[in-house]
Structure formats: structure tokens, C-alpha cells
Amino acid sequence: MNVRPNSPAARDIAHHLHPYTNWRKHEADGPLIINSGKGIYVQDDQGKEYIEGMAGLWCTSLGFGEERLVQAAAEQMRKLPYYHAFAHKSHNPGIDLAERLADMTPGDLNHVFFANSGSEANDTVVKFVWYFNNALGRPEKKKIISRIKGYHGVTVASASMTGLPNNHRDFDLPIANILHTECPHYYRFGQAGETEDAFATRMADALEAKILEEGPETVAAFIGEPVMGAGGVIVPPRTYWKKIQAVCRKYDILVIADEVICGFGRTGEMFGSQTFEIQPDIMVVAKQLSSAYLPISAVIISDKVYDALADNSAKIGTFGHGYTYSGHPVAAAVAVETLKIYEERDILSHVKAVAPLFQEGLRKFADHPHVGEVRGVGLVGAIELVADKSTKASFDPAGPVGVQLDKRAIANGVILRNIVDSLAFCPPLIITDKQIKELFDRFGKALDETEAWIKAEGLAV
């Protein structure tokens with residue numbers, strides 16, 4: 001990439017450290033600089049338009065340029081630009097948001113703690129779980145089981161729960177008391193002749209075996225995304241969550257639903273927990289909570305968990321945890337307005353109306369020569385490329401084909417996310433039928449171009 005000295009690209013390369021980026025490669029390739037957005041579209045600094053097929057990072061549910069959210073932020077900024085929640089202090093946006101979340105979440109999830117990102121929220125969850133069991137006089141019951149390919153964030157504790165190798169390598173992770181069980185990806189890990197139900201049973205049996213190996217008295221919680229997002233948009237097999245929950249309840253293990261991606265309509269219900277009949281003791285939300293217009297996340301806990309934590313805070317004299325920006329009034333005001341828009345515009349009904357066309361659009365690529373699996377639910381999905389459809393063999397090495405498809409997608413005006421050799425789709429919830437067709441038309445061109453590249457490179461089996 002040729003960049004002019006002192007251009008935005010050159011300044012970016014010189015000073016801006018990017019997440020999830022090969023920094024040496026970035027020095028050569030430079031950034032794609034996005035300058036503006038409207039609806040489901042964004043525009044770069046050269047004036048080229050793209051469909052934002054990932055809603056940013058699974059988060060910009062109401063699209064770009066939603067004026068009501070801009071106004072909510074501006075009005076709150078003028079009235080009270082900041083206040084905190086330490087030592088009995090509060091403010092109306094935080095109160096309103098906590099009440100709304102308690103009302104809309106399933107079961108007895110009635111108590112809300114605010115943070116600023118999904119990572120912070122999941123880091124908080126680890127501390128809650130440890131504090132909870134200390135409060136109950138069970139100091140040995142501290143282990144948390146996550147899943148291979150699960151994604152729960154990048155702080156030290158949340159990255160430990162994340163089950164992706166590159167989030168652990170050379171960071172000296174995972175930390176103690178964080179374990180991982182099998183990934184419930186039926187396409188990849190189902191055995192010959194094994195039904196989805198039998199596969200789900202095997203996954204639950206594997207979880208139980210790990211609990212028994214560690215000792216049930218040492219295992220505190222199981223955490224999982226209703227649909228695994230950054231691990232490849234892995235939709236759980238039928239009966240999976242029912243069987244996993246049964247194992248957890250058998251051994252008095254808390255169930256934690258990480259709804260950072262699934263929450264607020266993404267799966268076709270307000271929460272992924274409702275789509276997959278999960279009854280969590282703790283739920284984590286972020287991203288679409290504010291349509292990503294401002295950073296905010298929340299940990300929502302059941303009465304049982306709250307009572308133990310509250311009693312322990314009384315014993316100690318304080319609950320010694322919190323962030324300067326927990327429940328920031330401007331972020332909370334934007335989140336409240338976001339939830340109002342979901343309700344007033346009946347976003348959930350819109351998702352249910354357009355999701356069949358979206359899923360059908362994904363599945364029309366199933367017969368493509370190197371598409372191995374198409375998967376998804378609601379308005380989230382993925383297409384996985386393979387070297388050989390008949391054997392499901394992955395490309396060797398894994399990754400370059402996905403990178404190529406991602407590049408071709410960008411060249412054709414659609415931004416997606418490559419996860420090894422899977423391409424993830426997660427458009428804003430406001431996407432229309434016409435825009436869904438446009439999204440897949442652009443992607444189809446990119447896929448055809450990638451197929452030609454695969455042949456030219458001699459990568460086809």
C-alpha cells in the first residue's frame with residue numbers, strides 16, 4: 001500500500017495499535033478508514049460505500065445515523081455528563097436502565113451491575129462467582145468451565161474463558177480455575193452416523209465427565225454463548241442446552257449465559273436464552289444494548305446470587321468491585337433510548353419477518369464447490385469453506401482462503417468477518433428484504449472470484 005507522508009493512513013500506521021491485527025502486516029497494508037455511515041451502509045475516506053454485513057462487531061443493531069440515539073446522548077451530556085455509582089450514589093439513566101433490563105430478562109434476573117464492555121462484564125462474572133462461593137462457605141468451589149471456541153473477551157480472566165488458541169498464546173493464559181470442555185459443532189465434531197441428539201448427549205456426558213474428574217465440589221459455573229459467535233457462529237445442536245443445564249443443576253453449578261452477541265433480538269427472540277430455552281443464573285449483555293453508540297455492558301444476576309453477594313458485602317462492609325464508568329449516565333441514557341426503539345418499532349417482529357429470507361440467502365450458497373457448511377439462526381450466520389466437500393477436509397494451511405474471500409468481499413462492497421475459513425454475517429437488525437438481496441449479491445460475486453483464485457492457486461482437492 002502506498003501512503004502519503006502525514007496522510008491519515010501513514011499516521012495510523014505510525015501510532016495506532018489495532019486489536020486483532022498483525023502489526024507488521026499493517027505496516028505494509030495500512031488501514032481501511034471508515035469516515036461515515038447511514039443505515040446499514042458505511043463509507044470510506046475515498047468515498048466508496050460498503051454494506052456493513054457485521055454490524056460493526058456484531059453490535060450496531062440500529063445501523064448508523066440513528067438520530068434519536070444522538071439526541072439522547074446530547075441531552076444527557078448537557079444535563080449530567082458524568083456521575084458514578086460508588087457508595088450509594090446513583091442517577092436516573094442508570095436506574096431506568098437497570099429496571100428495564102430486570103423487567104425484560106427471563107426468570108428472576110432482577111439485579112444489574114454495569115460495566116463498559118463484554119470483556120469487563122465477563123471479568124466481573126468471574127469475581128462474582130468466586131465471591132458467591134466464598135460467601136456460601138465453599139472456598140474450594142471456584143472452577144469455571146467454558147468451551148473450546150467459546151468467546152468471552154480479552155481481559156485476563158475473560159480471555160482465559162475464551163477458548164481460542166491465539167487468545168492464550170504468549171499471554172500466559174489461561175489462569176488457574178478456568179477449564180474448557182468440548183465445542184458443540186455438530187458439522188465438525190459429530191461422528192459418522194451420529195444424530196444431533198446423540199451428539200448433544202455426548203457433549204453433556206463430556207461435561208459431566210470433566211466435572212467428576214475435577215470434583216463437583218470444586219466446579220462453580222459453566223459459561224456459554226447461546227450461539228457461539230467469534231468461534232465461528234456455531235449454532236448448538238438440538239437438545240444441547242437442555243442437556244447441559246441438566247448436568248449443571250445436578251452438581252449445583254451456576255449457568256452463565258453470555259448474551260453479548262445474541263442479546264436484543266439477534267437470534268429471533270429478545271435473548272438467545274429464550275431461543276434455546278436457557279434459564280441462566282447470570283446473564284451478560286453488551287453490544288446491542290446501546291446499538292454500540294456508546295460503550296456499556298451489564299451483568300444481570302438472579303435473586304439467589306444477589307442474596308449471597310449482598311450478605312457478604314454486609315459482612316465485609318462493602319462490595320469491593322466497580323469501575324469509574326459503571327453505568328455512565330450518557331451511555332445509560334443511550335441504552336435506555338435503544339431499548340425504547342426496539343419496543344416502539346417492534347424490531348423483534350421485523351427480525352422474525354426478514355430472518356427467513358436472510359437464512360435462505362445464506363443457504364443458496366450451500367452447493368458452491370467449496371462451501372462445506374452454511375449455518376445460522378435469526379440474523380446471524382456463517383459460511384465455512386472447505387478443500388473437499390465430501391470429506392469436510394479443511395484447507396491446508398487454514399486461514400488464507402478465508403482471508404482471500406474477505407478481501408474479495410470488501411472489493412465488492414461488503415464488510416464481513418473471516419474466522420479462519422468461515423465468513424461470518426451479522427447485519428444491523430434494521431436490514432430490509434431488498435438490502436439482504438443486495439448483501440448476498442455482492443457476496444456471491446466475491447465467492448465466485450475466490451473460487452477462481454482457489455483453482456488458479458491449485459488449492460482445490
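**View 1. Val-70 is partly exposed, with a relative accessibility of 39%.** The model shown here, as in every view below, is predicted. Look for Val-70 in helix α4, which covers residues 67-79. A long-range neighbour is worth including in the frame: 7.9 Å separates the C-alpha atoms of Val-70 and Val-334, although the two residues are 264 places apart along the chain.

**View 2. Ile-431 sits in the loop between β15 (422-425) and α16.** Here the relative accessible area drops to 0%, so Ile-431 is buried. Which residues surround Ile-431, once neighbours within four places in sequence are left aside? Ile-431 is in contact with Ile-40, His-350, Val-354, Leu-379, Ile-436 and Leu-439. The view also takes in a pairing across the sequence: the C-alpha atoms of Ile-431 and Gly-39 are 8.2 Å apart, with their positions 392 residues apart along the chain.

**View 3. Thr-450 belongs to helix α16, which runs over residues 433-456.** Thr-450 counts as buried because its relative accessibility is 1%, and the limit for buried is under 20%. Within the view, a polar atom of the Thr-450 side chain lies 2.8 Å from the backbone oxygen of Ala-446. Beyond residues up to four places away in sequence, Thr-450 touches Val-401, Gln-404, Leu-405 and Arg-408.

**View 4. Thr-105 is placed in the loop between α5 and β4.** Thr-105 is buried, and its relative accessible area is 6%. Where does the side chain of Thr-105 reach at 2.8 Å? At that distance the side chain meets the backbone oxygen of Leu-101. A further backbone oxygen, that of Leu-109, is reached by the Thr-105 side chain at 3.2 Å. To complete the surroundings, add Phe-271, Met-283 and Ile-300, which are in contact with Thr-105 when neighbours within four places in sequence are set aside.

**View 5. The second largest pocket has a volume of about 1,000 Å³.** Its lining is made up of 30 residues, and those nearest the centre of the pocket are Ala-85, Val-112, Phe-113, Phe-319 and His-321. Four elements each supply at least two lining residues: α5 (92-104), β4 (109-115), β10 (297-302) and α12 (303-316). Which element gives the most to this lining? That is β4, with 5 residues. If you like to sort a lining by residue class, this one divides into 16 nonpolar, 13 polar and 1 charged.

**View 6. Cys-183 and Cys-262 are each in no disulfide.** For the whole model, the disulfide count comes to 0. The cysteine sulfur nearest to that of Cys-183 belongs to Cys-262, 14 Å away. Cys-262, in turn, has the sulfur of Cys-426 as its nearest, at 8.9 Å. A pair of cysteine sulfur atoms must lie within 2.5 Å to be a disulfide, so neither of these distances qualifies. Are these cysteines buried or exposed? Cys-183 is buried, at a relative accessible area of 5%, and Cys-262 also counts as buried, at 2% relative accessibility.

Note on methods. Residues are numbered from 1 along each chain as its sequence is written. This is a predicted model: local features need pLDDT of at least 70, side-chain atom pairs count only at pLDDT 80 or more; totals for chains, interfaces and linings use all residues. Side-chain values use heavy atoms; hydrogens and water are left out. Buried means under 20% relative accessible area, exposed over 50%, partly exposed in between (1.4 Å probe, protein chains only). A polar contact is a pair of N or O atoms within 3.5 Å; within protein, one must be able to donate a hydrogen and the other to accept it, and residues adjacent in sequence count only if both atoms are side-chain atoms. Contact means heavy atoms within 4.5 Å. On a 1 Å grid over the protein atoms alone, a cavity is a set of points where a 1.4 Å probe fits but cannot get out, and a pocket is an open set with protein on both sides within 12 Å along at least five of seven lines; lining residues have an atom within 4 Å of a point. Grid points are joined across faces, edges and corners, and a volume is the space filled by probe spheres set on the points. Ala, Val, Leu, Ile, Met, Phe, Trp, Tyr, Cys and Pro count as nonpolar, Asp, Glu, Lys and Arg as charged, and the others, Gly among them, as polar.
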